[in-house]
Amino acid sequence: MESLQLLGQGFMTVLQPASLALMIAGVAVGIIFGSIPGLSASMAVALFLPLTFSMTPTLGMNTLVAVYIGGISGGLISAILLNMPGTASSIATTFDGHPMAKKGEAMKALGVGIVFSFLGSIFSFIILTFCAPLLADVALQFTPAENFGICFFALTMVAVLASGNMLKGLLAGMLGLMFTLVGMAPIDGTARFTFGATSLLNGFDQLPTLIGIFAISDILKTVESMGSGKLQTMAVKKVKGFGFSLKEFVSWLPNYFRSAIIGTGIGILPGIGGSTSGMLSYVTAKKMSKHPEEFGQGCPEGIVATEAANNATIGGAMIPLLVLGIPGDGVTAMMLGGFLIHGLSAGPLLFVKNGDVVYDIFAACMVCSLIMLIVEWTCIKGFVQVLKVPKHILLPLILVLCCVGAYATNNRIFDVQSVLLFGAIGYLYHKFDLPTTPFVLCFLIGEMLETYLRRGIMEYKSFTSFFQRPIFDVFFFIAIAVLVWSVFKEVKASRAKKTA
């Protein structure tokens, strides 16, 4: 009852005109940063941080929350319209979002993404408000062994993504793992596969790599199909409301709840992040679907899964930040700096000493999610105007935008070169009919998998000691079961083709 009273007071505080204006501005700026490849939500929060110096703790933290929420959701815009993940969290949104745009369903794809971004956020914020201390205690039970188990489980999802051609899928995934080994090894810092080039010591950054695989390769494929002529602009079908019916919405609810739970759970675990939760929820949705063959061809359920999950990660990531003082991802690490600037100590004492500020943040999270929904829905018709620009004009602009965004990530020319390199690799994947999804999943998971394995072995002295951890055992044996079942299905399908 006390929690509800504090939450009510929080809503009264954040709905003050000054607070509301700052949150609207923060969400809008976050959406812009999130929609431009290379300009991430963490960058937007970092730029806004100095602006909050002169604000009260409540106004300052509410503004940062607004930028965070807008930045994560904004990534779906370029992912759907241009096949460019604006943020790492929106990678899996490209799988079905852009195919829908190509079929003229860009407004429906955006509508689905916006609504389930909002619902995913709200789900995680409700969990954050009422269950944060309990879930933080659960998160404390996760050691490097458990985190390795989750990453291993996520990695075996390659077998699900590669269904239909296991050999090609596994080959694509192995190449993704290979690129994660370039640079300084985690823990001991040994240089690997750098060939004496200092620019390779830091390895390949996630965002430039993914921009190359998706956006640059798509540009090359489109240019090849153009020949010497000019491609027409994409058609855009007009829709009412958000573009989907109540019947469709109800049919997507199980997928939504499952994905929101995955996103919140992954967000609670420090260091794993929204890109992993989006990929994992996408693969789970495909595996649980009655029509998995439609995924990757423009299936709205794929967007429901990824957007619900990556936005639910926001609330999940804030649980260890507020309760334990441990940032769950890069953006919450920036927000931890905001707490310090305003004289607040994130952790258990925050609820005791500054309980009013905590519930103001909870209320701000929900209000900012609603603002995000309204702003993106209001601008949806403006977003799709991008598709009306002729391709021979749009593609060079996208290429420049990709290069500028890649450079802005770390201020390195090497990242621009990486974009072009992985663009060529993505194009070759297309030519040899190799799926890019297993490559992306393995590239995202590979570094975390190795890091947690090394940390776990340092802590427990041997890998066999991992099996003394019940949570690890559950994830490990589920992963093995998924792998065996996928191979069995592949062999069964192969035999059926031969006998047909």
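**Close-up 1. R454 and its partner E450 in a predicted model.** R454 is partly exposed, with a relative accessible area of 26%. Keep in mind as you look that this is a predicted model. The side chain of R454 forms a salt bridge with E450, and their closest N and O atoms are 3.2 Å apart. Both residues belong to helix α20, where they sit four residues apart, or about one turn of the helix. E450 counts as buried, because its relative accessibility is 14% and the cut-off for buried is under 20%.

**Close-up 2. E450 with a partner from far along the chain.** Which other residue forms a salt bridge with E450? That partner is R192, with the closest N and O atoms 2.5 Å apart. E450 lies in helix α20 (residues 436-460) and R192 in strand β2, so this pair ties together parts that are 258 residues apart in sequence. Both E450 and R192 are buried. Since salt bridges can share partners, R192, E450 and R454 are joined into one network.

**Close-up 3. A salt bridge between helices α6 and α11.** Here the side chains of K108 and E248 meet, with 2.9 Å from N to O. K108 lies in helix α6 and E248 in helix α11 (residues 246-268), so the pair ties together parts that are 140 residues apart in sequence. Is each partner buried or partly exposed? K108 counts as buried at 13% relative accessibility, while E248 counts as partly exposed at 24%. The salt bridge count for the structure comes to five.

**Close-up 4. T209 and its phenylalanine neighbours.** T209 is found in helix α10. With a relative accessibility of 1%, T209 counts as buried. What does T209 touch, leaving out residues up to four places away in sequence? The answer is F204, F422, F439 and F443. T209 also has a polar atom in its side chain that lies 2.7 Å from the backbone oxygen of D205.

**Close-up 5. A nonpolar patch on the surface.** L4, I126 and F130 form this patch, and together they have about 280 Å² of accessible area. One of its members, I126, has its place in helix α6, which covers residues 106-139. I126 is partly exposed, with a relative accessible area of 40%.

**Close-up 6. Two phenylalanines with positive phi.** Most residues other than glycine have a negative phi. F193 goes the other way, with a positive phi near 55°. F195 also has a positive phi, of about 55°, although it is not a glycine. Where along the chain should you look for them? F193 is in the loop between β2 (191-192) and α10 (206-226), and F195 is found in the loop between β2 and α10 as well. The side chain and backbone of F195 are worth a look together: F195 is exposed, with a relative accessible area of 76%.

**Close-up 7. Cysteines without a disulfide.** A disulfide is a covalent bond between the sulfur atoms of two cysteines. How many disulfides does a search of the whole structure find? The search finds zero. C151 is in no disulfide, and the nearest cysteine sulfur, that of C442, is 12 Å away. For a disulfide, the two sulfur atoms would have to be within 2.5 Å. C151 counts as buried at 1% relative accessibility. C299 is buried too, with a relative accessible area of 3%.

Note on methods. Residues numbered from 1 in each chain as written. Predicted model: local features only at pLDDT ≥ 70, side-chain atom pairs only at ≥ 80, totals over all residues. Heavy atoms only, no water. Patch = residues over 30% accessible without salt bridge, like charges linked within 9 Å, V, L, I, M, F, W, Y side chains within 5 Å. Areas by Shrake-Rupley, 256 points an atom, 1.4 Å probe, with all protein chains shown as cover. Salt bridge = Lys/Arg side-chain N within 4 Å of Asp/Glu carboxyl O. Helix = DSSP H or I, 4+ residues; strand = E, 2+ residues; numbered from the N terminus. Buried < 20%, exposed > 50% of the residue type's maximum accessible area, 1.4 Å probe, protein only. Polar contact = N/O pair within 3.5 Å; in protein donor to acceptor, adjacent residues only side chain to side chain. Contact = heavy atoms within 4.5 Å.
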